[in-house]
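User: I'm in my first year and still learning to read protein models. Could you take a close look at one part with me and then show me around a few other spots?

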Amino acid sequence: MSDKDRLLDKEAGKGPIKDIAWKDATKAPWYFGTGFIIFWMLLFFAVVIPLFYRLPAALSIEDGQTGEFIGERAYNTLNNLVNIGPKVLGTDANEVDAVLFLLNEIADITKNLLTDRYTIEIDVQKTSGAHIYSNMLEVYREAQNVVVKLSPKNSTSDSYLLLNSHYDTVLTSPGAGDDGFMVAVMLEVLRVMATTHQNFEHPIIFLFNGDEEMGLQASHGFITQHKWAANCKAVINLDAGGSGGRDILFQTGPSHSWLANYYKKSAKHPFATTLAEEIFQAGLIPSDTDYRIFVEHGNIPGVDISQFINGYVYHTKYDRTDVIPRGSIQNTGDNVLGLVKALANAPELRDIKDHEEGRAIFFDYLGLFFISYSVETGNILNYSVVGVTLLLIFISMFRMSALSSLSCCQVIQQLIITLIIQIIAFVLALVLPIIVAYYFDSFGLSLTYFSSPYLLIGLYIFPSLIGLSLPLILYCQSLQQNKLPTIYHLQLALHSWAIILSLLLLGMTSYGLRSGYFFTISIIFYTIPLIINLITTFHDRGFSWAGTVMSFQVIPYLYISSLIYTLYVALTPTNGRAGSASNPDIMTAGLTALGTLLCFGFLAPLINMFRRPSIVVFSLFLVSVVTMYLASSTKIGFPYRPKTNTERVMYQHVRRIFYEYDGTVSRDESGYLFNFQDRREEQPYAGVNLTGSVRTKSECDKHMMCGLPYFDERWVGNRFEGMWLPREEPIVPPIPVTLELLSKTVLDNNKTARFEFRLKGPQYMSLYIQPNEDDFVSISNWTFSQTYLENPPPSPLTYHIYISYGSKSPSLDFTLDLSKLNGNYEVPVLEIGASGHCLGNKGDEISQSFATTFPHYAIVVDWPSTYKRYIF
């Protein structure tokens, strides 16, 4: 009897079909199960990896057409800028050479300006100010900006488009990627816009800011003080967390979803994801950009575009031009030029407040095309997809009941059992990689994948696959009586997975997380083949339905694996500079497990189509064991490699002196203060004499801010994990810091005293100020920001004021008004720590000799500093 006849008999009311053996298709040989897994792995390497690293050919000066971004010319500009060397705030390289370079480039562009169509105005701004960053107050003096305004002559618009990047660098880094790359892109965009016949409505501000690395200071000075700042209505911020490769749009808005649509229309090589925005804004990446300054202090929307590939050389001496492909600068230049042209004509800039439309959900598909829509549209889509999916699952179960000897309630009961099995599989798939990460870290073996990313397959992906597959395999093998055909059991497993994803999607949508869109993609491309299988009756014909499912799973598999790989490429290098407090392997394991779940959630149950599926699990287990051995017992698992995957070593040569209330010195000692950049801390310092070193946490329990000169918010945040290595020979910084009490005056109310101080030292200084809370002393007024005074850092109450100078004669006078109920100021009421940092100085001969003892795979960044503790 044919399948059609059986269906007709059922429809004719001849009773339930007891013989259902016809529905169980013959399983494929066991070795096809391993091949099934290998196929999907090879698909990733054959499609995702080539598309991820695909770059356009850079246009040459000879071949380029008018109005096009010329990658060769931008690359030459970048090379000339990098040749200046490291450009740190306050150095001649940053304050003189880089500014002169930019002015010469702009002058060259001006020579070819279409004067009948455009005007160019140039301004070199020196700015001073202060803003709150993390839990400290940043005070900056004489930071520089080179600002260019390009205006069409026939324009009456007073709304400007702002384009920003920074030319300064961190200590020791030439800054080819961060952010010379984007400076060169901006100069070439300015050249094209100024020398091409075209129409644009809104003037464009090109801001080359000279102090981003020390705390986003120059951009703050521009947006709060510059004469053109008030007219800037939208910003394109260009920055870098890597060097070379494709640029990514990772922040947009806020509350202006139309910006994503302009990117969609104008970017030639789209690369973006809402997930990256939510990860960045959650603080999971130890970086910040000027974009936040423009949004918070300028109240303007915009887009944040960044380089991120090859973050291993970020902020190192290896961030050079030779690691950047020419196609990379062409890729970014095409995108930025297209976006500038589009936004310079955007009618939304005329009245930006009228176009607040909420946030956008945006993403590209393998760089081939770009999708964006509003959150409201996304919510409707998510709820609709979940509703349709659950309806189709119910129809499928009704079909199973109609063609088997089970009632609908019994099929639902089978679904519930399978759902529980899949929830167990979900948990195991997440937990097993995390357990591996935890145990590796507990034995001091974190970051084994840092230089060998393929270890992730055996360390985390395969354990996750084992957890995802094993529960269902054991369940299917335990079925004694096949009351429901195997094909239906497997379909129920897929239905269960769709239900799990639907519940997660509902939770993320209700919580306001936009990145749930990739759950939507997975569910949609399960729902479509389910519809096809129900219509064609493949649903009930052996494993025919599985072919449809697998065909449609290619689309979400490629996208999600690409998305997870993007996050891996972005996040893994940050593990080498995120500090030692957290375990990066847990995050990496969790991310890898999430990717495995989403990529194989609808595929792993299909392993049961093959005979002896346990062999697949055993194969995965065997590969995992071998990988763990290689990672833990061979050089393959050692994280660091010279030049490409270096270890970051950062420390100060410190002279610290404690002055008591009567002016006597109670402590005067020298040593090296280490701020560990990664989880392995000092363990890899082979050959370095660390005898006598102690953890700084014990000092933090005794002294204000540990009694040490922490440089910035990252040093402060990692202070409990640092190390102090004493040195017998005194360290004499070339420019010591001094704090002088100029006067102390008790005011008329006899409860307030005004202290006037003068601080002198190098170009980078910090003040730690702590009133004596035990004696009910408080700061009622001071020279600095009132906002910071009214919103103090968390307890214990220690105000951190970070001070940087673009000039070479740092001196700061300030006053503190202290209030005290009993008015007695003849006792200690205030503790101040003053630190000075001589960046760029390598210290004395002993310090220089000590620096040479670090291994060849380490990059050493060090400088002399002073810390003086005063009690007043």
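User: In what order do the four strands of the open sheet sit, and is the pairing parallel or antiparallel?

Analyst: Sure! One thing before we start: this is a predicted model. The order across the open sheet is S14-S15-S19-S17, and the pairing is antiparallel. Strands of a sheet pair through backbone hydrogen bonds, and that pairing can be either parallel or antiparallel.

Let's begin at the edges. Strand S14 covers 738-746 and strand S17 covers 777-782, and these are the edge strands, so called because each pairs on one side only. From one strand to the next, the twist averages 30°.

Now walk inward from S14. S14 and S15 are antiparallel partners, joined over eight bridges. The two make a hairpin, with five residues between them. In that turn you'll find asparagine 750, which has a positive phi of about 60°. Next, S15 (residues 752-760) pairs with S19 (residues 811-820), again in the antiparallel sense, this time over nine bridges.

Want a single residue to follow across the sheet? Try glutamate 756 in S15: this residue is the bridge partner of serine 743. Glutamate 756 also stands opposite threonine 815 in S19. When you look at side chains here, keep a rule of thumb in mind: in a regular strand they alternate between the two faces of the sheet.

Another strand to visit is S1 (residues 118-133), home of aspartate 123. Leaving aside neighbours within four places in sequence, aspartate 123 touches Asn145, Val146, Val147, His226 and Trp228. Take histidine 226 from that list: 103 residues separate the pair in sequence, yet their C-alpha atoms are 9.7 Å apart in space.

Now for some helices. Helix H5 (residues 176-194) holds both arginine 191 and glutamate 188, three residues apart, or about one turn of the helix. The two form a salt bridge, with their closest N and O atoms 3.4 Å apart. The general idea is that side chains of opposite charge can pair when their charged atoms come close. Across the whole structure, a search finds 30 salt bridges.

H5 has a backbone oddity as well. Aspartate 179 is in this helix, and a cis peptide bond joins aspartate 178 and aspartate 179, with omega about 5°. There's another cis bond from glycine 253 to proline 254, where omega is near -5°. Proline 254 sits in the loop between strand S6 (247-253) and helix H7 (258-266).

Loops have other things to spot, too. Histidine 315 is in the one between strand S7 (302-307) and helix H10 (326-343). Its phi is near 60°, a positive value in a residue other than glycine.

Then there's the surface. Ile423, Val427, Val431, Ile435, Tyr438, Tyr439 and Phe443 form a nonpolar patch there, with about 700 Å² of accessible area together. One of them, tyrosine 438, belongs to helix H12 (residues 408-442).

Last, a word on confidence. The protein chain averages a pLDDT of 92, and 97% of the residues score at least 70. Over residues 1-24, though, pLDDT stays under 50. For that stretch the model has 35 contacts beyond four places in sequence.

Definitions and conventions. Residues numbered from 1 in each chain as written. Predicted model: local features only at pLDDT ≥ 70, side-chain atom pairs only at ≥ 80, totals over all residues. Heavy atoms only, no water. Pairing = 2+ DSSP bridges. Axes fitted to C-alpha atoms, helices over the stretch in contact; angles between N-to-C directions. pLDDT = per-residue confidence, 0-100. Contact = heavy atoms within 4.5 Å. Patch = residues over 30% accessible without salt bridge, like charges linked within 9 Å, V, L, I, M, F, W, Y side chains within 5 Å. Areas by Shrake-Rupley, 256 points an atom, 1.4 Å probe, with all protein chains shown as cover. Salt bridge = Lys/Arg side-chain N within 4 Å of Asp/Glu carboxyl O.
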